[in-house]
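Hi,

Here is the structure I promised to pass on. Have a look at it first, and then read my notes underneath.

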Amino acid sequence: MDKIVISGGNKLSGEVTISGAKNAAVAIIPAVVLSDGVCRIENIPNISDITLIGKILTDLGAQVKMVNKNTLEIDPRRIVSPVASGELMRRMRASCYLLGTLLGKFSHAVVSLPGGCNFGVRPIDQHLKGFVALGAKYKLDGGMVHVSCDKLRGNNIYMDVVSVGATVNIMLAAVKAEGLTVIENAAKEPHIVDLANFLNCMGADICGAGTDVIKIRGVKHLHGTTYSIIPDQIEAGTYLAAATATGGSITINNVIPKHLESITAKLEEMGAVLEENGDSIKLRRDGPLNKCNVKTMPYPGFPTDMQPQITTLLSMASGTSIVNEAVWDNRFRYVEELKRMGAQISVDGKIAVVEGVKSLKGAPVKATDLRAGAALIIAGLAAEGVTVIDDISHIERGYENVVEKFIGLGADIKKSTCEEQVETKAAAL
Ligand code: EPU
């Protein structure tokens, strides 16, 4: 299996351009299914989750053309079946967005139950509750979700938990439903706003995205459009955290600083100095790394998708920090890997107590999921000695050119492919 090999200790310096937001792209691309024309989507991150969703749409009958590495043109007009099944569907969480989009298009959807990162139970009860409120019936059968109705009709839907996925799916199903749908206690993440903006560019009538009440007035048709995806705030936060960990000084370009406020506030508390300039942020850390406490929350709170990266920083800070993972039940699996590198962290359910150590030591470790992998890269960059990260396909799901981008910032990091590993072993014999 491919690995990432890092010789730690280099302070990051220089500039890096942030790619388009993964979690916006994986909602917007399935949304194209609802269009009556061709959509051109720009600033798409070139990552394996996008390749996968492109293949899923192609299997459904869409024509998906890669105009360049960050632009797709999708013609959904040949999609004639509401059935999206198979192994590809089970590999990613966002495949469940085809439930909302196929239901919106055909009043019927049959979709494999979704996969994605494993951090505990990942229910879809709120998605289904939304579809039922719009007039659909559902059944779960043999690993598939079947949802159907005669006609979708707008309704008031109060979400029991704040869910990104359920908010997206209900928006997708409601956008062509008859009448007004009101989603209360909706998720407010930037990618929800981006999806609403994209749907509105196709002719939808959605307002309130970014607040906890979203109003969707159904329209009969959606047309093709050209749209550029927002920058990825989690990728941006990951590079800022890495520079903070190494005591470096970097500039990240192509970001929306407002989307990063909860992250930059914590990095400042930990001793980083930040300066915003339009769509760039400069960060440097010269002084000590301070402890702090973190609780993850839906946006605008501190994002769970930055929790492993910030915990890694805290494992090298002076003093004891408490990290409370309030979104997912089981998102501390990577802690065992950090402990191999000398971190002192004890986990009790959703709370981690992090005793800062002076430095981490390089070790062989495994990426247990996407953000866990990002956290291990940060640990490896700051550690003494060599870190070898296995199972890096998780990281490639969500970070475009991660190795090249860190090399550009002065890191000693490389990808070691299976072929190279076989050749090295053969040469040693
Ligand atoms: N939940 C329910 N019922 C539901 C849906 C969710 O109880 O029907 C609960 C979940 O168990 C969880 C909480 O609500 O405790 C939040 O889940 P949410 O639905 O918001 O998560 P998601 O849509 O499955 C997206 C991101 C995740 C990110 C979460 C939280 C995508 C494709 N995934 O997942 O991103 O952690 O929101 O912000 O947008 C990542 O990028 O690394 C990643 C895992």
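**What I found**

Let's start with a loop: D391 sits in the one between strand 23 (386-390) and helix 13 (393-396). (Helices, H or I with at least four residues, and strands, E with at least two, are DSSP runs numbered from the N terminus.) D391 is not a glycine, yet its phi is positive, about 60 degrees.

Before going on, keep in mind that this is a predicted model, where local features need pLDDT of at least 70 and side-chain atom pairs count only at pLDDT 80 or more, while totals for chains, interfaces and linings use all residues. Residues are numbered from 1 along each chain as its sequence is written, and side-chain values use heavy atoms, with hydrogens and water left out.

Two more loops are worth a click. S107, in the loop between helix 4 (97-106) and strand 7 (108-112), also has a positive phi, near 60 degrees, without being a glycine. Then there is P300, in the loop between strand 18 (294-295) and helix 10 (307-314). The peptide bond that joins Y299 and P300 is cis, with omega about 10 degrees.

Now the sheets. Strands of a sheet pair through backbone hydrogen bonds, either parallel or antiparallel. Here, two strands pair if DSSP finds at least two bridges between them.

One open sheet has 4 strands in the order 22-23-1-24, with mixed pairing. Which strands stand at its edges? They are strand 22 (364-366) and strand 24 (412-416), each with a single partner strand, so one side of each has no neighbour in the sheet. From one strand to the next, the twist averages 20 degrees (axes are lines fitted to C-alpha atoms, and angles run from 0 to 180 degrees between N-to-C directions). Strand 1 (residues 3-7) and strand 24 run antiparallel and are joined by 5 bridges; I4 stands opposite K415 there.

Another open sheet of 4 strands has the order 4-5-3-14, and its pairing is mixed too. Strand 4 (63-68) and strand 14 (226-228) are at the edges with a single partner strand each, so one side of each is left without a neighbour in the sheet. The twist averages 20 degrees from one strand to the next. Strand 4 is joined to strand 5 (residues 71-75) by 5 bridges, and the two run antiparallel. K65 has E73 of strand 5 as its bridge partner.

There is a hairpin to look at as well. Strand 20 (residues 344-348) and strand 21 (residues 351-355) run antiparallel, with 5 bridges between them, and V347 stands opposite A352. The hairpin has 2 residues between the strands, and G349 takes a positive phi near 65 degrees.

Last, the ligand. How many residues surround the ligand? There are 25, and the closest are Q126, S163, V164, D305 and V327 (a residue counts if one of its heavy atoms lies within 4 Å). As for polar contacts (pairs of N or O atoms within 3.5 Å), a backbone N or O atom of V327 lies 2.6 Å from an oxygen atom of the ligand. For P123, a backbone N or O atom lies 3.4 Å from a ligand oxygen, and a side-chain N or O atom of R331 is 3.4 Å from an oxygen atom of the ligand. Two or more residues of the shell come from each of helix 1 (22-31), helix 5 (125-133), helix 6 (164-174) and helix 12 (370-382).

Cheers

Terms used
A polar contact is a pair of N or O atoms within 3.5 Å; within protein, one must be able to donate a hydrogen and the other to accept it, and residues adjacent in sequence count only if both atoms are side-chain atoms.
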